[in-house]
Amino acid sequence: AVNVAYVALVSLADLKQLLPPPLPPIGDGDGLARGAMVLLAVIASPLAEEGFFRGFVFGGLRRRFGLGWGIGASSLLFALAHFQVGVVIPVLILGTMLAGLYQATGSLWPAIIVHGLYNGLALQFAYG
């Protein structure tokens, strides 16, 4: 929903340079390439990114600077780490939601699962 609203607003404002870039093609229906993309996007990336950005970065910033600064700074770093102008705002919002989920549950697993679902939906919309 966040991505749909973001794309709609950016499109209405005619700020095409802020649109998320399309995902790269993954072969000509190659099942192995698709499987690898799903494995990386839905399992490996969420595990690694949540462990680092929520477990390590957010956890450390929260202890040192408090909850608000921890969520804000770790979410901004998470967004900037994705290296594309068109995804900074939606990924910043996602990072904030994932940090809040981790804070509320005390476990990284819900954030990992939501992150994997988010990436899986992105793949589904991009590749069908």
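**Entry 1: overall fold.** I began with the order of elements, which runs α-α-α-α-α from the N terminus on. I noted that the radius of gyration of the chain is 15 Å, close to the 14 Å that the globule rule gives for 128 residues, so the chain is as compact as a globular protein of that length. I record here that the model is a predicted one. My count of elements in the chain gave five helices and zero strands. Along the principal axes, I found that the C-alpha atoms fill a box of roughly 50 × 40 × 20 Å.

**Entry 2: contacts and surface.** I looked up how the contacts are spread along the sequence. Among contacts in the chain with a separation of 6 or more, 63% join residues 24 or more positions apart. I then turned to burial and found that 27% of the 128 residues count as buried. For the accessible surface of the chain I noted about 7800 Å², with 74% of this belonging to carbon and sulfur atoms.

**Entry 3: charges.** I listed 6 positive and 5 negative side chains in the chain. The centres of these two sets lie 17 Å apart.

**Entry 4: the largest nonpolar core.** Which residues make up the largest nonpolar core? I found eight: Phe-53, Phe-78, Ala-79, Val-87, Val-91, Leu-94, Leu-98 and Ala-111. Two elements, α3 (67-80) and α4 (88-105), give two or more residues to this core. The largest share, three residues, comes from α4. I add as background that nonpolar side chains tend to be buried together in soluble globular proteins.

**Entry 5: Leu-98.** I next examined Leu-98, one of the core residues, which I placed in helix α4. Is Leu-98 buried or exposed? Its relative accessible area is 1%, and the cut-off for burial is under 20%, so I entered Leu-98 as buried. Not counting residues up to four places away in sequence, Leu-98 touches Glu-50, Arg-54, Ala-111, Val-114 and His-115. I also looked up the separation between the C-alpha atoms of Leu-98 and Ser-75, which is 8.6 Å. These two residues are 23 residues apart along the chain.

**Entry 6: His-115.** From the contacts of Leu-98 I followed His-115, whose place is in helix α5 (residues 108-127). His-115 has a relative accessible area of 2% and is therefore buried. Which residues does His-115 touch, not counting residues up to four places away in sequence? I recorded Pro-46, Glu-49, Glu-50, Phe-78 and Leu-98. Glu-50 is thus listed for His-115 and also for Leu-98.

How values were computed: Residues numbered from 1 in each chain as written. Predicted model: local features only at pLDDT ≥ 70, side-chain atom pairs only at ≥ 80, totals over all residues. Heavy atoms only, no water. Helix = DSSP H or I, 4+ residues; strand = E, 2+ residues; numbered from the N terminus. Rg over C-alpha atoms; globule rule 2.2 N^0.38 Å. Buried < 20%, exposed > 50% of the residue type's maximum accessible area, 1.4 Å probe, protein only. Contact = heavy atoms within 4.5 Å. Areas by Shrake-Rupley, 256 points an atom, 1.4 Å probe, with all protein chains shown as cover. Lys, Arg positive; Asp, Glu negative; His and termini not counted. Charge placed at Lys NZ, Arg CZ, Asp CG, Glu CD. Core = buried A, V, L, I, M, F, W, Y, C linked by side-chain atoms within 4.5 Å.
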